[in-house]
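Colleague: Please take a close look at one part of this model, and then place that part in its wider setting.

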Amino acid sequence: MFKRTIRQSPGIYINEAGVLSKIDSIIKQLKIHLPLVITDQTVKKVSAPFLPDNFYDEHPLAIFAGANTYPEAQRLSNIAKEINADGVIALGGGQLMDSAKLVANSIDGKLINIQTVPSNCAAFTTKSIVYNDKHEMIDNYRVANPVTAVLLEPQILQEAPTEYINSGIGDTLAKYYEIRRRLPADKLSLASEAAARYFIDHCRTEMLKVTNVSQLKGDDLTNFIDTIFLFAATVDGLADLNGRSVAAHTFYNAYVKVKRPSHYPHGVVVALGNLVQVLLEGNQQLATEIRQY
């Protein structure tokens, strides 16, 4: 409909140790009266020590089935509607974040996303990637409202399984390798696209300089997490159509059809897709440079 649409999401972003211990006051500040909490059993166990005592006992709880499909989103939406929930608090990985967006959209409620693995920037965006029961992507649905708040506990993210950390690095690097051709640094007349170009350059620089995530402290850890979530997601909001993924994600979509079910997280396959894209381009400078990656 429009040539360019700028989207900003979320309304609030906090990446700070101890943020989850203050979630009750954040819920009150956002004027959410009856939230439905959506998580899975693993995340429930991992996150409980960081949350207020009895958090999971004091709020209605729904356990995520593990994949963002339309039937699963409908099941969770039905639970939210049955209890007249006016908001959703989601704790988990990327697919759970995407399901939570659909649920919050269905009740026109507020949404607090708490991503517990740094595997991608799903907590931020207004997009929900929907799969079928064969784990094939069938839709890229854009919800109407921005995410209300994203709360990140650095310790949980830093201690996530290595494959999910690698996934976040690969998915964030894809912002540079996929989008740079749509945003050539010397041909940008729009300030918004120039800002998006800065963000994709930063995504590459920040990811490639990290050698051991477990050793990151202070500002270095903050910057690592901010890059995976804040910087990577903002490219989509600023660049609109020019911020869309290209060959690396196309490779992922094909890979999961051939190699299903894949035990590799999304971003790990996308990381391989980055290499495939550079090879397809025939860019010898990048092909040499990308070996460090």
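**Around one tyrosine**

Modeller: Y141 belongs to strand β7 (residues 137-142); helices (H or I, at least four residues) and strands (E, at least two) are DSSP runs numbered from the N terminus. The model is predicted: local features need pLDDT of at least 70 and side-chain atom pairs pLDDT 80 or more, whereas totals for chains, interfaces and linings use all residues. Residues are numbered from 1 along each chain as written, and side-chain values use heavy atoms, without hydrogens or water.

With a relative accessible area of 33%, Y141 is partly exposed (buried is under 20%, exposed over 50%, partly exposed in between; 1.4 Å probe, protein chains only).

In the loop between β6 (127-131) and β7 lies H135, which has a positive phi of about 65° although it is not a glycine. H135 is partly exposed, at 26%. N54, in the loop between α2 (41-47) and α3 (55-58), also has a positive phi of about 65° without being a glycine; its relative accessible area is 47%, hence partly exposed. In the segment before β1 (12-15) is P10, and the peptide bond from S9 to P10 is cis, with omega near 5°. Most residues other than glycine have a negative phi, and most peptide bonds are trans.

As for the interior, the largest nonpolar core (buried Ala, Val, Leu, Ile, Met, Phe, Trp, Tyr and Cys joined through side-chain atoms within 4.5 Å) has 55 residues, and I38, V88, F224 and F229 have the most contacts inside it. Helix α9 (218-239) is among the elements supplying at least two of its residues, and gives the largest share, eleven residues. Another core, apart from that one, has 19 residues, including I32, V37, F55 and I114.
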